[in-house]
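Let's take a friendly tour of how helices and aromatic rings meet in a protein model. Have the structure open beside you as you read.

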Amino acid sequence: MKLWRSFCMALTMYSKIPAPQVEWREENMAYAMCFFPAIGGVIGLLMFGLIALSEALSFSRTLAAALLTVLPLAVTGGIHMDGFCDVADARSSHAPREKKLEIMKDPRAGAFAVIACGAYLLLAFGLWHEAPLASAETLVLALCPVLSRGLSALAVVTFRGARKDGLLAAFRDASDVCIVRVVSVLWIIAAAGMMLWRAPFAGGAAVAAAGLAFLHYRLMAYREFGGATGDLAGYFVQVCELACLFAVVLAEKIGGLL
């Protein structure tokens, strides 16, 4: 039952996927991060379905790209994009660390958040417009949300926290750290392995991009904020997925020249 409650907790916290409501207690959060990558799996499956529908109904690439850009936001309710925007506001302030942490807690969106969100969506739309949607790279693209969430879950129970309170601190403190670390690594290995098996060149590029995004997350979080927060975790998921998408598109373009 604890696993089931943790599964439901992960779904209700990090997605709009219907799930039974469970009580906000530490024991119900112990394994929630183990199921975080499963939400990425749902997004990946929906990507496959959307691509198949687009092909069957002869959608234009413009419409397909727009739908694929919006799809993750629809599944997650924009929780990770909210963190991305908060971090954009904080980093753009160039304020001391304590002030940046205060800015991230402000529920209001600043000008830099709006600019960053618009730029992100525009880039994602452009990349989806160029992405190979009827090839081996499709599986790689569908697994990117799984890989990003596996790395994010690992960071929750590995990185130092910038605060003693907050959403990330609550999940980190309630987690069975050893179990979550092992399961997160298994998710990462499974996703990366399938990406490399299905499309070695594009998959390798995506895995490398995810690794660089993870390194950037670690260095930036520690240097600018003193550790990780829930907003920074959301920022990482968004940056990681955009980096993977860019890597797949770039690999496909380079492969076409060889």
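In this predicted model, helix H4 passes helix H7 in a right-handed crossing. H4 covers residues 61-76 and H7 covers residues 111-130; their axes lie 8 Å apart and make an angle of about 130 degrees. Angles over 145 degrees would count as roughly antiparallel and 65 to 115 as roughly perpendicular, so H4 is oblique to H7. Where do the two helices touch? On the H4 side, the residues in contact include Arg61, Ala65, Leu68 and Leu73, while Leu121, Phe125 and Trp128 are among their partners in H7.

Now turn to the rings. A pair of aromatic rings is described by the distance of the centres and the angle of the planes. Searching the whole structure gives 10 aromatic pairs. In one of them, phenylalanine 84 and tyrosine 235 have ring centres 5.6 Å apart and planes at 10 degrees, so this pair is stacked. Phenylalanine 84 belongs to helix H5 (residues 79-93) and tyrosine 235 to helix H12 (residues 230-257), so the pair ties together parts that are 151 residues apart in sequence. Are these two residues buried or exposed? Both phenylalanine 84 and tyrosine 235 are buried.

Ring pairs also join Phe159, Phe214, Tyr217, Tyr222 and Phe236 into a cluster. Tyrosine 222 has another partner too: the charged end of arginine 218 sits over its ring. The table sets this contact beside one made by a lysine.

| Charged residue | Ring | Distance to ring centre |
|---|---|---|
| Arginine 218 | Tyrosine 222 | 3.6 Å |
| Lysine 100 | Phenylalanine 225 | 5.7 Å |

Conventions: Residues numbered from 1 in each chain as written. Predicted model: local features only at pLDDT ≥ 70, side-chain atom pairs only at ≥ 80, totals over all residues. Heavy atoms only, no water. Phe/Tyr/Trp six-rings, centres within 6.5 Å; stacked < 30°, edge-to-face > 60°. Helix = DSSP H or I, 4+ residues; strand = E, 2+ residues; numbered from the N terminus. Buried < 20%, exposed > 50% of the residue type's maximum accessible area, 1.4 Å probe, protein only. Lys NZ or Arg CZ within 6 Å of the ring centre and 35° of its normal. Axes fitted to C-alpha atoms, helices over the stretch in contact; angles between N-to-C directions. Parallel < 35°, antiparallel > 145°, perpendicular 65-115°, else oblique. Left-handed = near helix turned anticlockwise from the far one by under 90°. Contact = heavy atoms within 4.5 Å.
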